[in-house]
Amino acid sequence: MNEDIQEKIKEIKSKFRLFMNGPVSQSMREKGLDYKWNFGIEFPRIKEIASAYPRNHDLAQALWKEPVRECKIMAGLLQPEDTFYPEIAEIWIESMDYPELAEYTTMNLFQRLPYASEVVFRWMADDRTYFQLCGFLLMSRLLTKGMILNERTENEFLDQAFAVMEDNNVIIQKAAFTAVYKFAMQSEINRGKVLGLLVPMLKSKKETVSSLAEEMKNRLDL
């Protein structure tokens, strides 16, 4: 790491200290977000601090390596898309420990990537928790932005999503649920397809699965 990057990180951390929120940080720890360092700063403030810096690959990569919650969130804001290759994205995902990092990084960076529509299916199909989570979070973002699936990709997405919604990983269940809902809201045809696929889930003996299906059905019936 060169001296300029080191100085910028030192400067950024000093700004974080100015807005440190002990009670919020403690609350996060109690909820399981046990970062090595957590200043408890809310996202709008992190975004405001990040706005003082131009996007810079080296700075973003260095921030991601810091064991500090706010540094990792800011890394996604400052990383340029054109130098963030798929293999780097995978390194970032492999090092994620908390769902909020997946959410912020998907929102701030992954959805901007020129290859987002290509990796999203690979990530959703990956057995590793954070790859699947990022995959479904990214699919929600892309569908919201108007991405239209063809017959093959639509079937692939729905197969993956419904398999996950009948699984036991609540975090991924929720992400898949949101992605399916975004898909259903694109058109009446999509809505009808999703309602049809919900029928077996509604009859599931697993209460968590039938409840999830009931919630989706109620939302789509409105």
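**Figure 1. Surroundings of Leu142 in helix H9 of a predicted model.** Leu142 sits in helix H9; helices (H or I, at least four residues) and strands (E, at least two) are DSSP runs numbered from the N terminus. Leu142 is buried, with a relative accessibility of 9%. Here buried means under 20% relative accessible area, exposed over 50%, and partly exposed in between, with a 1.4 Å probe and protein chains only. Leaving out residues up to four places away in sequence, Leu142 touches Ala116, Ser117, Val120 and Met147, where contact means heavy atoms within 4.5 Å. Phe110 is 32 residues from Leu142 in sequence, and their C-alpha atoms are 10.0 Å apart in space. The model is predicted, so local features need pLDDT of at least 70 and side-chain atom pairs count only at pLDDT 80 or more, while totals for chains, interfaces and linings use all residues. Residues are numbered from 1 along each chain as its sequence is written, and side-chain values use heavy atoms, with hydrogens and water left out.

**Figure 2. Gln111 in the loop between H7 and H8.** Gln111 has a relative accessibility of 17% and counts as buried. Apart from neighbours within four places in sequence, the contacts of Gln111 are Thr106, Leu138, Arg141 and Lys145.

**Figure 3. The salt bridge between Arg112 and Glu81.** A salt bridge is a side-chain nitrogen of Lys or Arg within 4 Å of a carboxyl oxygen of Asp or Glu. By this rule the count comes to 17 salt bridges. In the pair shown, the closest N and O atoms of Arg112 and Glu81 are 2.7 Å apart. This pair links distant parts of the chain, 31 residues apart: Arg112 belongs to the loop between helix H7 (99–108) and helix H8 (116–125), and Glu81 to the loop between helix H5 (69–78) and helix H6 (86–94). Glu81 is partly exposed, at 25% relative accessibility.

**Figure 4. Two salt bridges with glutamates of helix H6.** Arg122 forms a salt bridge with Glu90, with 3.3 Å between the closest N and O atoms. Arg122 is in helix H8 and Glu90 in helix H6, so that the pair links distant parts of the chain, 32 residues apart. Both side chains are partly exposed: Arg122 has a relative accessible area of 43%, and Glu90 has a relative accessibility of 24%. The second salt bridge joins Glu94 and Arg128, whose closest N and O atoms are 3.2 Å apart. Glu94 lies in helix H6 and Arg128 in the loop between H8 and helix H9 (129–144), so this pair ties together parts that are 34 residues apart in sequence. Arg128 is partly exposed, at 39% relative accessible area.

**Figure 5. A salt-bridge network and Glu215 in helix H13.** Salt bridges that share partners join Glu188, Arg191, Lys217 and Asp221 into one network. Glu215 lies in helix H13 (residues 207–221) and is partly exposed, at 35% relative accessibility. Leu202 and Glu215 are 13 residues apart in sequence, with a C-alpha to C-alpha distance of 9.8 Å.

**Figure 6. The largest pocket and its lining.** On a 1 Å grid over the protein atoms alone, a pocket is an open set of points with protein on both sides within 12 Å along at least five of seven lines, and lining residues have an atom within 4 Å of a point. The largest pocket has a volume of about 390 Å³, a volume being the space filled by probe spheres set on the points, which are joined across faces, edges and corners. There are 17 lining residues, of which Glu103, Leu137, Lys174, Ala175 and Thr178 lie nearest the centre of the pocket. Elements giving two or more residues to this lining are H7, H9 and helix H11 (170–184). H11 provides the largest share, 6 residues. By class, the lining has 8 nonpolar, 4 polar and 5 charged residues; Ala, Val, Leu, Ile, Met, Phe, Trp, Tyr, Cys and Pro count as nonpolar, Asp, Glu, Lys and Arg as charged, and the others, Gly among them, as polar.

**Figure 7. The whole chain, for orientation.** The chain has 13 helices and 0 strands. Its radius of gyration, taken over C-alpha atoms, is 19 Å, close to the 17 Å that the globule rule gives for 222 residues, so the chain is as compact as a globular protein of that length. The globule rule is 2.2 Å times the number of residues to the power 0.38. Along the principal axes, the C-alpha atoms fill a box of roughly 60 × 40 × 30 Å. Of the 222 residues, 48% are buried.

Key:
On a 1 Å grid over the protein atoms alone, a cavity is a set of points where a 1.4 Å probe fits but cannot get out, and a pocket is an open set with protein on both sides within 12 Å along at least five of seven lines; lining residues have an atom within 4 Å of a point.
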